[in-house]
Amino acid sequence: MVWAPEAPSTPSRPAGDEVAALSRLQVLRLLDSGPRGLVEAEAESRLLRHGENVLPGRRPVSWPRRLARSLRDPFTMVLLALGVVSALIASWGTAGVIVLLVVASCVLRSNGEYRADRSTAALRELVATTATVRRRASEDAEPWEREIPVDQLVPGDVVKLGPGDLVPADVRLLRARGLTVHQAPLTGESAPVPKRALDLPEGDDHLCRQGSSVVSGSALAVVAATGADTMLAGSSAAPARRPSAFDRSVNGISWTLVRLMVIIPPVALVAGAVLRGRGLEALPFAVAVAVGLTPEMLPVVVTTALARGSALLARSGVIVKRLAALHDVGAIDVLCMDKTGTLTRDRPVLRDSIGPDGGPDPEVLRWAAINSFWTLHLADPPVPDSLDEAILLGAPDHGDVEGVDASPFDPVSRISCALVRDGEAHRVVVKGAVEPVLERCTLSPPDRLRAARLADRLAEEGLRVLAVATADRPADRPAVHRLGEERGLRFAGFVTLADEPSPEAPGALAALSRRGITPKVLTGDHPATAARTCRDLGLSVGAVVNAGELADLSDAELAEAVGRATVVARCTPEQKARVVRALRARGHTVGFLGDGVNDLAAMRAADVGICPRGAVDVTREAADVVLAAKDLAAVDHAVVAGRRSTGNIVTYLRIALSSNLGNVIAMLAAGLALPFLPMLPVQVLVQNLCFDAAQLALAFDRAGPDVLRRPLRLRPRALLGFVAGFGALNAVADLVTFAVLTWVLGVQGAPAFHTGWFIENMLTQAVIMLLLRPISGVSRPLGLATGALAAVGLLLPLSPVAGAFGLVALPATSYLWLLAVVVLYGGTLLVITRRRFRDRGRRTP
């Protein structure tokens with residue numbers, strides 16, 4: 001008889017300790033619920049009363065708050081300090097332009113981040129975590145189960161849990177089979193914790209908290225608390241995500257430049273005072289020089305480039321959950337993956353059943369089918385195991401056997417178990433990987449060795465091999481099965497299945513190889529099976545490693561072993577994670593593609609976790625990139641988008657820092673050599689403002705072939721070396737301009753000198769933006785930006801507002817000489833950059 005509440009009421013929210021002390025029936029009564037679930041109308045009413053099942057404080061940052069937060073950027077803080085200094089010395093023009101730069105940078109950055117976050121939030125709703133809930137249309141209607149977003153859960157809802165599910169709220173177990181839960185986010189326990197649906201509570205074994213995840217087994221539970229009332233909401237806030245490698249690289253570059261900006265004004269002032277006798281009147285110029293070194297648009301370009309790449313990927317169904325992950329995808333040089341569902345179709349086909357003597361034995365298939373049938377029905381996993389489905393599809397009727405208890409496949413022990421009643425007798429039926437099953441069997445050493453060799457021979461044919469064993473249960477023992485107690489089994493034989501290779505896999509693997517990405521297969525399958533599949537797909541196998549052989553190796557030895565291997569077989573979840581960490585220790589950028597709960601540890605250990613949209617909840621939540629399907633071609637699309645975005649960011653940094661450093665060096669040198677300032681502060685700042693506006697187009701640039709051919713990472717040391725070399729070349733061009741202006745054209749007055757150098761700077765900046773890039777076409781935004789920059793440089797001195805900026809019209813011969821300098825500089829730059837990018841390949845900074 002199914003219990004139901006006598007009359008509808010409005011249950012109060014029970015405290016966690018109150019639920020913990022109650023029996024199952026008492027909890028259901030307290031929550032005014034029952035095993036058949038809530039009526040839809042009552043669930044909607046409770047949602048209005050209790051609110052959505054979301055943790056407090058997880059709301060998007062508003063645009064005004066984001067604008068205020070952008071002022072904490074290191075460049076912005078230094079610019080504001082320089083603006084204050086300019087205002088204190090009444091240099092209002094300098095202060096005004098600095099304020100304009102700060103406002104433009106903050107508004108553009110805040111707007112870009114706000115739009116990117118809104119787009120990401122909208123995309124994440126496509127893969128929002130759901131829960132399987134049991135509800136009814138009316139009091140008398142039969143219950144049905146369906147998926148709903150977890151934020152729609154209410155106290156009293158009855159939910160189903162299975163491997164890979166996130167526990168959607170604080171729940172009290174009503175029924176559980178082989179349930180183990182990973183609750184490290186709450187308790188710090190690294191190992192899964194077993195849970196039982198006890199009627200008389202003991203401790204908290206019968207409770208599961210929001211924030212934990214199901215590792216194995218299945219359960220039926222009632223929601224006891226949601227949203228702000230959960231234990232997770234009441235605990236301290238979760239720690240912020242550690243900065244990614246990309247964040248650390250950008251921050252390192254930023255603070256290096258900030259230090260230079262702080263040093264330049266005092267150095268310029270002291271040098272001017274000692275060599276030229278200048279006092280505080282040179283302070284605005286020193287401030288302007290420091291501002292000229294600043295890539296104010298760096299945060300804007302980074303956000304724009306990554307958000308644009310993410311938006312383009314979203315059109316093909318690939319969702320990037322955090323923008324910095326797009327850079328990490330482009331930097332991947334090792335991609336780890338499982339075999340099943342990636343290199344092969346996730347639809348194995350039953351081949352044969354073989355007895356211990358190596359001959360056909362239909363009885364083995366019968367016991368395997370019994371295990372599969374009752375595992376699926378009693379354990380009730382949310383997604384049926386494909387191996388169990390294949391066995392049942394190819395097996396005959398397994399007879400009149402009644403299931404009593406079952407434990408689904410456990411990725412750690414690598415077995416599944418069913419307890420059945422065959423007539424009056426109880427029998428344990430175990431199925432799983434060869435080694436753990438044979439370990440549980442009573443076999444003599446020769447028989448064990450013979451069975452292992454038979455399994456190896458079958459695996460070498462490319463077959464997946466499952467071992468089957470049984471044991472009679474004594475009649476005087478209670479008919480309750482506990483996973484891990486399977487010992488003294490009788491070996492029945494093997495069941496073999498064949499995986500159909502994915503037709504798309506060979507082409508996708510070849511494309512990844514052309515991108516400089518090395519695939520590594522981490523699988524629980526037999527080494528020979530995995531190696532055979534890889535060879536059939538045209539993948540160079542190289543070394544094949546059994547994960548069990550790696551346990552005694554040190555971290556350095558493990559890194560060396562897996563570095564040579566293409567296939568690491570017989571992997572447990574923790575062994576997959578250790579392999580990933582070892583590869584990272586060797587300096588690789590590692591991506592991990594997985595979809596199951598057994599892939600979670602490895603995904604968290606990788607630089608970037610990738611999963612398909614159909615992955616289990618906990619894996620999908622932990623992933624950085626979510627694919628429309630488990631398809632290597634989609635990974636290749638994500639890699640291309642990541643490299644394009646990173647390439648545009650690197651190009652911006654190269655151009656902005658090289659030109660800025662060259663101009664600063666030239667201005668400091670000329671300031672000491674000339675009797676007047678080489679450029680007025682307002683001219684420096686206006687020039688810098690034009691540069692910044694034009695360089696925004698680099699976020700929309702086209703990627704050259706070298707960008708897509710090899711992994712691309714932001715390396716601060718290599719970048720700063722590049723900037724130093726080309727910055728010096730840019731400074732030489734400026735010094736040549738000084739020589740032309742003073743010695744060839746005989747310019748004596750400061751206004752004419754300022755104008756000539758202003759024009760040369762604007763033209764050389766346009767040339768740098770076109771040439772200091774990988775070999776590729778010119779995008780329309782970049783063409784318009786460089787054309788506008790050159791037009792401003794040539795036309796501003798001729799305009800009516802030229803006098804406001806201290807600029808004057810020059811003779812026609814001056815323009816010809818300046819153009820000659822620009823052409824000479826452009827030719828030199830073209831030769832150097834083309835030789836660098838074409839012959840040596842792009843050295844990724």
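**View A. Buried residues of helix α19 in the predicted model.** Helix α19 spans residues 555–564, and Leu-558, Ala-559, Ala-561 and Val-562 are buried in this helix. Viewed along the axis of α19, the buried residues fall within an arc of 170 degrees, so they line one face of the helix. Ala-556 and Arg-564, on the other side of α19, are exposed. The cover over the buried residues of α19 includes three strands, β17 (518–522), β18 (543–546) and β19 (565–569), together with helix α20 (573–585). The model shown here and in the other views is predicted.

**View B. Strand β14 and its pairing with β13.** Strand β14 covers residues 425–432 and is mostly covered, with seven of its eight residues buried. Strand β13 (residues 415–422) pairs with β14 in the antiparallel sense, over eight bridges. One position to locate in this pairing is Arg-421, whose bridge partner in β14 is His-426. The two strands form a hairpin with two residues between them, and Gly-423 in this hairpin takes a positive phi near 75 degrees.

**View C. Strand β14 and its pairing with β15.** Strand β15 is made of residues 463–473 and pairs with β14 over seven bridges, in the antiparallel sense. Gly-432 has Ala-467 in β15 as its bridge partner. β14 thus appears in both strand views: β13 is paired with β14 in View B, and β15 is paired with β14 here.

**View D. Asp-734 in helix α26.** Asp-734 belongs to helix α26, which runs over residues 716–744. The relative accessibility of Asp-734 is 0%, and Asp-734 therefore counts as buried; the cut-off for buried is under 20%. Which residues is Asp-734 in contact with, leaving aside neighbours within four places in sequence? These contacts are Gly-662, Asn-663, Ala-666, Trp-757, Glu-760 and Asn-761.

**View E. A nonpolar patch on the surface, with Val-107 of helix α6.** Val-99, Val-103 and Val-107 form a nonpolar patch on the surface. Together these valines have about 220 Å² of accessible area. Val-107 lies in helix α6, which spans residues 92–124. Is Val-107 buried or partly exposed? Val-107 counts as partly exposed because its relative accessibility is 34%, and the partly exposed class lies between the cut-offs of under 20% for buried and over 50% for exposed.

Technical notes. Residues are numbered from 1 along each chain as its sequence is written. This is a predicted model: local features need pLDDT of at least 70, side-chain atom pairs count only at pLDDT 80 or more; totals for chains, interfaces and linings use all residues. Side-chain values use heavy atoms; hydrogens and water are left out. Helices (H or I, at least four residues) and strands (E, at least two) are DSSP runs, numbered from the N terminus. Buried means under 20% relative accessible area, exposed over 50%, partly exposed in between (1.4 Å probe, protein chains only). Contact means heavy atoms within 4.5 Å. The arc is that of the directions from the helix axis to the C-beta atoms. Patches are made of residues with over 30% relative accessible area and no salt bridge: like charges are joined within 9 Å, nonpolar side chains (Val, Leu, Ile, Met, Phe, Trp, Tyr) within 5 Å. Accessible areas come from the Shrake-Rupley method with a 1.4 Å probe; for residues, only the protein chains shown count as cover. A salt bridge is a side-chain nitrogen of Lys or Arg within 4 Å of a carboxyl oxygen of Asp or Glu. Two strands pair if DSSP finds at least two bridges between them.
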